[in-house]
Amino acid sequence: MQVGKSRSASFRCDIEGMRGLAVTMVVLYHAGVPGFDGGFVGVDVFFVISGFLITGLLTRELAETGRISFANFYARRVRRLLPAAILVAVATFVLARLAMPPLSLIDLRRDAFATLTYVSNYWFAIRNTDYLQDHVGASPFQQYWSLAVEEQFYLLWPAMLVIAALLLRRVASPRTAVRIAVGGVLVISLGLCMVITVVAQPWAFFGLPTRAWELAAGGLVALTVSKEPAGARLVQVLGIAGLVTILIGSFVLGDHAGFPGWIATLPVAGTVLLLISGSMGRGPVQVVLSCRPLTIIGVLSYSIYLWHWPLLLLTGAGRGGSLGWLAKLGMLSVTAVAAYLTFRFVEQPLRHHAWLSARHRRTVGVAGAATLVAAGCAVVLAIPPVLHLDRPAQVLAAAEVQAHTAPEHWTRYVPANLTPPLGEARDDFPAVFHDGCHSEFRDVEVHRCEYGKTDSERTIVLFGDSHAAQWFPPLRTIAEAQGIRLVSLTKSGCPTAEVSKYSSFLGREYWECATWRRKALERIVAEQPDLLLVANGTNATGRDRVPDDEWWEGMEGMFDRLRAVSNVTVLADTPYARGDVPVCLSDRLTDAMACAVRRASGINVGFTRSEAELVRRNGGRYLDLNDHLCGPEVCPAILGHILVYIDRHHLSQQVASWLRAPLEQHVTAAIARADRR
């Protein structure tokens, strides 16, 4: 996201305008402006421009001197990029400290360290970040991923060009050798991009190996396009085609699940055409791109890119946020002012500072010291404030909430005896997650895990995704108390209905689920359990949700496979909150009801009713325990001293165990029916 070199005879205003267009697309996309649902392709435009400029700069030096000064190149990159990046990173942490709930700061520190070491792209890939969906609740450092890609490119690209020239010096000129190397990178990287997008989309989106082809495409233009003037008609056609291609990508791609993949060739091809057109002459498109408003935005594009994301996200003005258009316009204005001040007083002065420029070691030393100071700030600012919890809540016995949840049991503050404590909530998953019995996303094996009285003649099977696994604690207790054998068959994000499912965690179709489900159903039929308990996360929203029609068909398919199993109960799904409940509570210590779930939004009542009818039609039973978690309109975040949710939608072990009695009543009756057969 560089602003570019100083104005000289070779300076191209149209490239500055291309930067202005690209950053405008990205900002409008993040602001949720209609018509820019594919505005994220502005980053692809930046990549191609960077490859064009950097490759041209390096190859000219190689041609003129026969070598590339790595020290000079890296020192210029450091002076150009690091001052503003470090400033905005520290400012982001300060803003986050003021705007974000305390528990969020722990994860934010990891994001900051990854950002300051320019590996944030791989950090977000490891976390399976869905850049095209995770707008609310995303990291305020998320925009740094593309800077990390470019920095890694800058680190490797000069060495690759020199090595290519040396290895092929006997058979080709240095320029031809470099063309061969750049072309090879383009082909290999594009192939990787297409393959990895299908099997692991976050890695394709964030990784340098799968993005290098975009930078290489720009490099190939710099190496092959003649700067001789061409006919006005050709320049005009290429320019218009390039601009239209980029704009089409911005308007029609939307949050495409298959991006980057082959789809990214659209904005890349458009940028390549614009670069070629501008190299050959000046047509109407170049005139438009060279207009003063666009070139001014282009000059400020690096700072605009750095500032816009945290300002939009942390104020709720971003895509999917809560602020209106007037507030969004205000945040965009603040972004413009912050970008200008950063450019005027940080970027330009330090980039051309005589003392820093005199010795490369000074640049590196000052950059290292500044990075360490920024990291120290991240450590200090990320220490969550002490949560002052002075007032305990009444410890309720499970019997007190076995009827409908009553408002007198709702705790409207965060109590000192909260169980589990907020800081430990995210780790409060059932034992099957820790003892190897719960299948994770890439696991296709059905683990042979048994609990309770393992030699009992009576067997219960628990089958489903993580929303089935959340019922494991009370079922284990029931099995141990009644001398029943409990078999747990659960897998993250994998529905029991025979449906194809997209996984946002994996960034692709979840084929492992179908394989695991088939094996699990075969195991269930072989077990012939006295009771099969089925549960799924059906209240989910977003890309992971299976369309209702497909779900009903898939559930019918499941029951067809289970005709030999005579006693099947499907558990209704539990509520989904709008956000992470413990994080919300850490910011609302005296107003826990602000983190409660509205029943109408957290439970899909119509879906639940239809699912219950389908289950009964297939001879099964439907058990809905949500009246024990919710009132008529609200599902509280805390019942008595018990935290209800450990994240957005999983129940805590304590509240699940608290509901043992109604679950045991159902299990006992079901086992009795099985004994009478």
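**Loops, helix packing and a buried strand residue**

P420 sits in the loop between α17 (360-381) and β1 (438-439). In this predicted model, the peptide bond that leads into P420 from T419 is cis, with omega near -5°. A second cis bond joins F259 to P260, here with omega near 10°. P260, too, belongs to a loop, the one between α10 (232-252) and α11 (265-280). These bonds are worth a pause, since most peptide bonds are trans.

Two further loop residues stand out by their backbone angles. Most residues other than glycine have a negative phi. Y118, however, has a positive phi, near 55°, and is found in the loop between α4 (104-116) and α5 (120-126). At 14% relative accessibility, Y118 counts as buried, because the cut-off is under 20%. On the other side of α5, the loop that runs between α5 and α6 (144-167) holds N128. The phi of N128 is likewise positive, near 55°, and N128 is buried, with a relative accessible area of 8%.

Helix α13 offers a good view of how a helix can be placed in its surroundings. The buried residues of α13 (residues 292-299) are L294, T295, G298 and V299. Seen down the axis of α13, these residues fall within an arc of 140°, so they line one face of the helix. The spacing follows a general pattern: an α-helix has 3.6 residues a turn, so residues three or four places apart point the same way. The partners of the buried residues of α13 are α1 (13-30), α12 (284-289), α14 (301-315) and α15 (325-351), against which they pack. Turned away from this buried side is a face that carries the exposed residues R292 and P293.

A pair of helices comes next. Two packed helices are described by the angle between their axes and the distance between the axes. For helix α21 (residues 548-561) and helix α24 (residues 605-617), the axes come within 11 Å and cross at roughly 25°. That angle makes α21 roughly parallel to α24, and the crossing is right-handed. On the α21 side, the contact is made by D548, W551, W552, M555, E556 and F559, while α24 contributes F607, S610, E611, L614, V615 and R617. Sorted by class, this contact has 7 nonpolar, 1 polar and 4 charged residues.

Finally, strand β5 (residues 502-503) includes S503. S503 is buried, with a relative accessible area of 2%. The C-alpha atom of S503 is separated by 10 Å from that of Q201, although the two residues are 302 residues apart along the chain.

Key:
Residues are numbered from 1 along each chain as its sequence is written. This is a predicted model: local features need pLDDT of at least 70, side-chain atom pairs count only at pLDDT 80 or more; totals for chains, interfaces and linings use all residues. Side-chain values use heavy atoms; hydrogens and water are left out. Buried means under 20% relative accessible area, exposed over 50%, partly exposed in between (1.4 Å probe, protein chains only). Helices (H or I, at least four residues) and strands (E, at least two) are DSSP runs, numbered from the N terminus. The arc is that of the directions from the helix axis to the C-beta atoms. Contact means heavy atoms within 4.5 Å. Axes are lines fitted to C-alpha atoms, for helices over the stretch in contact, and angles run from 0 to 180 degrees between N-to-C directions. Angles under 35 degrees count as roughly parallel, over 145 as roughly antiparallel, 65 to 115 as roughly perpendicular and the rest as oblique. A crossing is left-handed if the near helix is turned anticlockwise from the far one by less than a right angle, and right-handed if clockwise. Ala, Val, Leu, Ile, Met, Phe, Trp, Tyr, Cys and Pro count as nonpolar, Asp, Glu, Lys and Arg as charged, and the others, Gly among them, as polar.
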